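Colleague: Before we start on the questions, please show me the sequence and the structure.

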Amino acid sequence: MKVSRYILSTLKEDPSDAVVLSHRLMMRAGLIKKEAAGMYSYLPMGLKVLKKVMSIVREEMDREGAMECLMPELTNADLWKESGRWNTMGPEMFRIKDRNGMEYSLGPTHEESMTNMVRSIISSYRDLPLNVYQINTKFRDEIRPRFGVIRSKEFIMKDAYSYDINQAGLDESYQSMARAYRNIFSRCGLETIPVQADSGTMGGNASEEFMVASEVGEEVLLLCEGCDYRANREKAAYKRTESSADETPLEMKKVSTPDVKTIEDLEAFFGCSQKRFLKSIVYIINEKPVMVVVPGDREVNEHKVAALFAATEIELANDEVVEKVTGAMVGFAGPVGTVGAEIVFDETVPMMKNAITGANEAHYHLKNVNPGRDFEVSKVADVTSAMEGDTCSVCGGKLYEKKGIEVGHIFKLGDKYTKGMNVSVLDENGKAVTPLMGCYGIGVNRTVAAIVEQNNDERGVIWPKEVTPFQVHFIGIGKKEEQVSEFEEIYSRLMSAGFDVLYDDRKSSPGIKFADADLVGIPVRVTAGKGYFESGRLELKYRNSQDIKELSIDEAMEEIGNFYKK
RNA sequence: CGGGGCGUAGCGCAGUCCGGUAGCGCACUUCGUUCGGGACGAAGGGGCCGCAGGUUCGAAUCCUGUCGCCCCGACCA
């Protein structure tokens, strides 16, 4: 491809609305163009990269025996109502009506659609296992699209769904996807951190996220220094230790605390650490109030709480509910006395001594509160988030935090959808069984952004060789007619050797061509200039190195061939 | 949804406080000189100053409304 005929729309300066590195570079290198908030066009070069990532995905999925298909992006509301998600998906689902008033959603994910398609096809255990996938656009009305293509309203996802006759089969399907994902991301030149994850509103149990470490990551991971435990914050477990555990219980006292409402206020008022307080927060779960009691220095982990109640939605109770439950205004809640709600205690609570908590009476707190003595510790669970410095529950090592971009996610869904949507097949004995399901997603364009985020320098992108938009960036320096025809000759020889070549034939100065080459980031650069006309030698330079090799055309082609062969 | 900021040429910005009919850099066109890391000179083209209404002799500028975009936050009692 000749640059003079190509859209090489590079920018010298960062567009004002691009903040994160990958977004800036993708805009500057002319890969994408913003159409509106959270909506991007792919320019030719960006599309080439996207397609390369897609074909890696296809190859690795197919290698594991998955089958590609393609589903409508408009999905029937009835399917969502059947699974119950029409109500639980919330406002992030785009909903539309046709002229007849029929309701649809612009598919945010396709468990229902795929299961609906599959259930009409399978009828026997002989039809399983089955793994079907598609690469298609998904729509989510994101609360706040940002970071370019990393979080957009419209994005491309590879979503696969497996159906197995039993748990052993599901385990196998899951493992095969775990394998495929490792291959896919490594071929994309990405270093991913697989972490244990919460399965969120998708339902189901086991799940693993593939994260790319990045400062702009929207997820917080907790990794162990001592072992290979790694999980995202929504899920991460940690071992409880409590410094006050060996204190002697003192007599409980009621203390007047006018307008002392927040943990910060309490800290100032009592002059002791946040750890000493029992924070009592009221939620509405499955339409019932639940009080969650945690140490003052911890945050309630709503994902863990929701999982505990097998709830899809959890919401903070409003002031009226809090007053009804505790009998006091917000700010003075506690587990001592009468509470009109079920109470859940974090695992730390039973270990605490002489704690301070709300008295369930306006402007009063209780000090020297002791679990077991002053209130019954009925239901204990892990309902707080791990933090940096916490103790690993596996090996006792220290946990540390890292931010990450989620590029892939694999789940075991179990029978959530197959049961809910009445899918069944006959087993060997002619008995109806419900297949078990797994689902496996990859954010394709987010993966491209992650690749850029991880592979660049101050001059621009450095594409890993399997996803580079072109294989060779050829630059000719010289404008004389006979020089240009020599360049044309070299260009066509490179092309006929089978390389995908971007030939910068513009009449610009060399500086512009070199700068654009660095920005665009094709791994191999070949230059024909003064040296070529003197000695017939081309210059070959790899984007990730400073060295320049002087080679004849044949040598250069051999070297490039070897580079891409591996 | 709450808070903050911004909409002026393809891109980056100034001009807005203090009203007088739009400017700079890059990019683009033509000519000449240059020609290995974002060259130089000369001459050009390109704007409903986000949109609508109002005030005024006169509005990019003041007022009202509206739309779009960016950043931060989104409840921990």
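Modeller: Helices (H or I, at least four residues) and strands (E, at least two) are DSSP runs, numbered from the N terminus. This is a predicted model, where local features need pLDDT of at least 70 and side-chain atom pairs count only at pLDDT 80 or more, while totals for chains, interfaces and linings use all residues. Residues are numbered from 1 along each chain as its sequence is written, chains are lettered from A and ligands numbered from 1 in the order in which they are written, and side-chain values use heavy atoms, with hydrogens and water left out.

Colleague: In which loop is P129 found?

Modeller: The peptide bond that runs from L128 to P129 is cis, its omega being near 0°. As for the place of P129 in the chain, the loop lies between α5 (111-119) and β7 (130-139).

Colleague: Which residues come nearest to RNA strand B?

Modeller: A residue is near a strand if one of its heavy atoms lies within 4 Å of it. There are 43 residues around RNA strand B, and those that come nearest are K261, K279, G331, D518 and E539.

Colleague: Which element supplies the largest share of the surface near RNA strand B?

Modeller: At least two residues each come from β1 (32-36), β14 (278-285), α13 (510-520) and α14 (530-535). The largest share is seven residues, and the element that supplies it is α13.

Colleague: How many residues of the surface near RNA strand B are charged?

Modeller: Asp, Glu, Lys and Arg count as charged; Ala, Val, Leu, Ile, Met, Phe, Trp, Tyr, Cys and Pro as nonpolar; the others, Gly among them, as polar. On the surface near RNA strand B, 18 residues are nonpolar and seven are polar. The number of charged residues is 18.

Colleague: What percentage of the atoms of RNA strand B within 4 Å of the protein belong to sugar or phosphate?

Modeller: Both parts of the strand take part, and individual atom pairs illustrate this. A phosphate oxygen of RNA strand B is 3.2 Å from a side-chain N or O atom of S509, and a sugar or linking oxygen is 3.2 Å from a side-chain N or O atom of E13. Of the strand atoms within 4 Å of the protein, those not in bases belong to sugar or phosphate, and their share is 52%.

Colleague: How far does a backbone N or O atom of V282 lie from a base nitrogen of RNA strand B?

Modeller: In V282 the backbone supplies the N or O atom. Its partner is a base nitrogen of RNA strand B, at a distance of 2.8 Å.

Colleague: Is N286 buried, partly exposed or exposed?

Modeller: N286 is found in the loop between β14 and β15 (288-295). Its phi is positive, about 50°, although N286 is not a glycine. Buried means under 20% relative accessible area, exposed over 50%, and partly exposed in between (1.4 Å probe, protein chains only). N286 has 46% relative accessibility, so it counts as partly exposed.

Colleague: What is the relative accessible area of H363?

Modeller: H363 is found in the loop between β18 (355-358) and β19 (364-369). H363 is not a glycine, yet its phi has a positive value near 65°. H363 is partly exposed, because its relative accessible area is 26%.

Colleague: Why is there no bond from C69 to the closest cysteine sulfur?

Modeller: A disulfide is a pair of cysteine sulfur atoms within 2.5 Å, and the structure holds zero disulfides. C69 counts as buried, at 19% relative accessibility. The closest cysteine sulfur, in C439, is too far from the sulfur of C69 for a bond, because the distance is 14 Å.

Key. A polar contact is a pair of N or O atoms within 3.5 Å; within protein, one must be able to donate a hydrogen and the other to accept it, and residues adjacent in sequence count only if both atoms are side-chain atoms.
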